[in-house]
Amino acid sequence: IQQHEPDIFADTHKAMLPGDFVAMKLTGEISTTASGLSEGITWDFQEQTLAKKLLDHWNIPESVIPKQVPGFGDQGVVCTRAARELGIRPGVKITYRAGDQPNNAFSLNVSQPGEFAATAGTSAVIYGLTDQPLADRESRLNTFLHPDFATQPPHYGALLCVNGAGRACIEG
């Protein structure tokens, strides 16, 4: 977009993941988490902060990155508009946010390094916890900050995804 549609890029206010968008609709505020930044490939694992060198390399202004809130903790409250549309009371605290695969791991009680969750549908996903960031130069594996990253030792989620896996099973 920056290269081919510069007018649209110039109008960009914030870049959000789906969970950030949902939280914005609930609270009326735009924010993200460290885990979300790592999922969006804008996290520096060595410095444990926003990957400013990456943003600079791709000429992405830091201003498009939402403010950071904790994955577990105060992320805002349900605003009046969202409360009215959802039929809940305004002011309910939002205290957790994570991506689909970390949430799947939590639902399956995967909570310690060495444990894995496997799911199959339109894609096949293996998501495992580790106590160190893993790198794969061939991009077969993605590593994210797990939502409970602040634990000691820190937890990372290693994700392997095969798209179209459901179709492969049907045709196989």
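1. Met16 sits in the loop that runs between helix H1 (6–10) and helix H2 (18–27), in what should be read throughout as a predicted model. Its relative accessibility is 30%, and because buried is reserved for values under 20% and exposed for values over 50%, Met16 counts as partly exposed.

2. Met16 also takes part in a nonpolar surface patch, which it makes together with Phe21 and Val22, and the area of this patch is about 250 Å².

3. Turning to helix H2, its buried residues are Asp20, Ala23, Met24 and Thr27. Seen down the axis of H2, these buried residues fall within an arc of 105 degrees, and therefore they line one face of the helix. As general background, an α-helix has 3.6 residues a turn, so residues three or four places apart point the same way. The partner of the buried residues of H2 is strand E1 (31–32), against which they pack.

4. After the end of H2 comes Gly28, and the phi angle of Gly28 is positive, with a value near 80 degrees.

5. A separate site worth following in the structure is His146, which is found in the loop between strand E7 (142–145) and strand E8 (156–163). Although it belongs to a loop, His146 counts as buried, because its relative accessibility is 1% and the cut-off for buried is under 20%.

6. The side chain of His146 is joined to that of Tyr127 by a polar contact of 2.6 Å. Once neighbours within four places in sequence are set aside, the residues in contact with His146 include Ser35, Pro102, Phe106, Leu129 and Tyr156, and Tyr127 is also among them.

Notes. Residues numbered from 1 in each chain as written. Predicted model: local features only at pLDDT ≥ 70, side-chain atom pairs only at ≥ 80, totals over all residues. Heavy atoms only, no water. Helix = DSSP H or I, 4+ residues; strand = E, 2+ residues; numbered from the N terminus. Buried < 20%, exposed > 50% of the residue type's maximum accessible area, 1.4 Å probe, protein only. Polar contact = N/O pair within 3.5 Å; in protein donor to acceptor, adjacent residues only side chain to side chain. Contact = heavy atoms within 4.5 Å. Patch = residues over 30% accessible without salt bridge, like charges linked within 9 Å, V, L, I, M, F, W, Y side chains within 5 Å. Areas by Shrake-Rupley, 256 points an atom, 1.4 Å probe, with all protein chains shown as cover. Salt bridge = Lys/Arg side-chain N within 4 Å of Asp/Glu carboxyl O. Arc of directions from axis to C-beta.
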